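These are my notebook entries on one structure. I looked up burial, chain contacts, salt bridges and one helix, in that order.

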2 protein chains.
Amino acid sequence: MTASVKAFVFDVYGTLFDVYSVKEKADELYNGKGYEISMLWRQKQLEYSFLRQLMGKYDTFSNITRDSLRYTLYYLNIQSDSEKEQLLIDAYKHLSLFPEVKDVLTQLKHKKLAVFSNGSRDMLDPLIEYSSLRQLFDKIISVDDIKQYKPTPASYGHALHTLGLEREEILFMSSNGWDISGARNFGFKTAWINRKKLPLEELDVNPHHIYSDLSHILEWVN
Amino acid sequence: MTASVKAFVFDVYGTLFDVYSVKEKADELYNGKGYEISMLWRQKQLEYSFLRQLMGKYDTFSNITRDSLRYTLYYLNIQSDSEKEQLLIDAYKHLSLFPEVKDVLTQLKHKKLAVFSNGSRDMLDPLIEYSSLRQLFDKIISVDDIKQYKPTPASYGHALHTLGLEREEILFMSSNGWDISGARNFGFKTAWINRKKLPLEELDVNPHHIYSDLSHILEWVN
């Protein structure tokens, strides 16, 4: 598979970093409601990025992350204030890496590596810095530079142009089924990192490969 | 408010008809799993319409409804077959009207009334026929005619052109917060029929009016 692969490109939220690792902080701030908050927050964050793209009303992922948290707290009928909300937003800049990520990236460091995320730079850069992975990546690519969210073809086109490669020379890895559908629809090689053993999305574009975590990528490279 | 309103336009799924009324049939077919099925099915149905629009990979709402049901059954680990699935799909053509709908529409019948839906005609027409409301509507408008889902501006533009009015002459009513955001973003007058007492969507476009059901529209007309 990887003979012709010239860049290994990783989605960030849910793929390298566990977005549900905010649960602990949310538990602490809101009396054990961390699970409900983290689940709904993520769902609304994605929904708002999709809806704003559809409406032609782009806003940064950091603003969307704040707005979706606010909706979540209203929905769950949880009393809050802007100070608490800021603490949770800050937790999004200190997400946990999935256990295998550092080792896999280190083993791949002789390859061209990049991240490609819906996250805006004000949340993406601090997160990557915090993880101490920065020096492993050739490029940190954010859709915010062209204000077109994944899974639009324009967003994957931005990654393609930034990398200066052909579509099929890019192996794109994401744990988000919709992101993999969008990437394959655009023409990337795709590996769905199906961490939660979810069913395939029924969108008529299936991943080339499905793995339970990122370590399986190494089988193709070494 | 309604002095300048020249058309009363209604969303269909969730607004006139209760999409969760498939619960009963699903309970019967799948041993009491109707609640989980109906909730996730609706969520994935919307998600797939958004994702296909974003990817530029339009498919009809009836196909999306089938695909999202299939995902739902896999996700919930429910054994099924195509015959049972077809029975549930058929239930989508026999949804229950919300209690006040028939009376409200009858009282408004001297006005120009229309429905405007993401539903394709193969599911929309049988549903409207089944409800015996067909003769009350001047127009049955489906996004399928231009293959652009709500909440894209193009979709609301299609309703506008079909009605031959100015944007602000249209009062659009939906129970779906994202649909109201899209309609107001486009320039319609909007009334959010907030049947479930949900929080406002945090999308920077709030409805002009919020009502608990459609009967409150009559206060403005009579």
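**Entry 1. Terms and conventions.** I call a residue buried under 20% relative accessible area, exposed over 50%, and partly exposed in between (1.4 Å probe, protein chains only). The model is predicted, so I required pLDDT of at least 70 for local features and 80 or more for side-chain atom pairs, while totals for chains, interfaces and linings use all residues. I number residues from 1 along each chain as its sequence is written, letter chains from A and number ligands from 1 in the order in which they are written, and use heavy atoms for side-chain values, leaving out hydrogens and water.

**Entry 2. A salt bridge within chain A.** I looked for salt bridges, meaning a side-chain nitrogen of Lys or Arg within 4 Å of a carboxyl oxygen of Asp or Glu. Over all chains I obtained 26 by this rule. In one of them, Arg121(A) pairs with Asp145(A) at 2.9 Å, N to O. I assigned helices (H or I, at least four residues) and strands (E, at least two) as DSSP runs, numbered from the N terminus. Arg121(A) belongs to helix 6 (residues 121–131) of chain A and Asp145(A) to the loop between strand 5 (139–142) and helix 7 (153–163) of chain A, so the pair ties together parts 24 residues apart in sequence. Asp145(A) has 44% relative accessibility and counts as partly exposed. Arg121(A), at 28%, also counts as partly exposed.

**Entry 3. A salt bridge within chain B.** I then examined Lys6(B) and Glu169(B), whose side chains meet in a salt bridge of 3.1 Å, N to O. This pair links distant parts of the chain, 163 residues apart: Lys6(B) is in the segment before strand 1 (7–10) of chain B, and Glu169(B) is in the loop between helix 7 (153–163) and strand 6 (170–174) of chain B. Lys6(B) is partly exposed at 48% relative accessible area, whereas Glu169(B) is buried at 16%. I also noted that salt bridges with shared partners join Asp11(A), Lys150(A) and Asp179(A) into one network.

**Entry 4. Relation of the chains.** I superposed the copies by least squares on the C-alpha atoms of residues with pLDDT of at least 70 in both. A turn of 180° with a shift of 0.0 Å along the axis lays chain B on chain A at an RMSD of 0.0 Å. That is how a two-fold axis relates its copies. I took contact to mean heavy atoms within 4.5 Å. Chain B contributes 32 residues to the contact and chain A 32 residues. I found 100% of the interface residues of chain B among those of chain A, so the copies meet through the same surface.

**Entry 5. The interface.** How much area do chain B and chain A bury between them? I obtained about 3000 Å², 66% of it on carbon and sulfur atoms; buried area is the accessible area (1.4 Å probe) that two parts lose on being put together, summed over both. Leu54(B), Met55(B) and Glu202(B) supply 26% of the area that chain B buries against chain A, more than any other three residues. Between the chains I counted four salt bridges. One of them joins Lys44(B) to Glu201(A), with the closest N and O atoms 2.9 Å apart. From helix 2 of chain B come ten residues, the largest share of the side of chain B that touches chain A.

**Entry 6. Surroundings of Glu201(A).** I located Glu201(A) in the loop between strand 7 (189–193) and strand 8 (209–211) of chain A. Glu201(A) is buried at a relative accessible area of 11%, and its partner Lys44(B) is buried at 4%. Beyond neighbours within four places in sequence, the contacts of Glu201(A) include Trp178(A), Asn206(A), Glu47(B) and Tyr71(B).

**Entry 7. Helix 8 of chain A.** I found helix 8 (residues 177–186) of chain A mostly covered, with eight of its ten residues buried. Among them are Trp178(A), Ile180(A) and Phe186(A). The cover over the buried residues includes helix 7 of chain A and helix 2 of chain B. Gly187(A) follows helix 8 of chain A and has a positive phi, near 125°.
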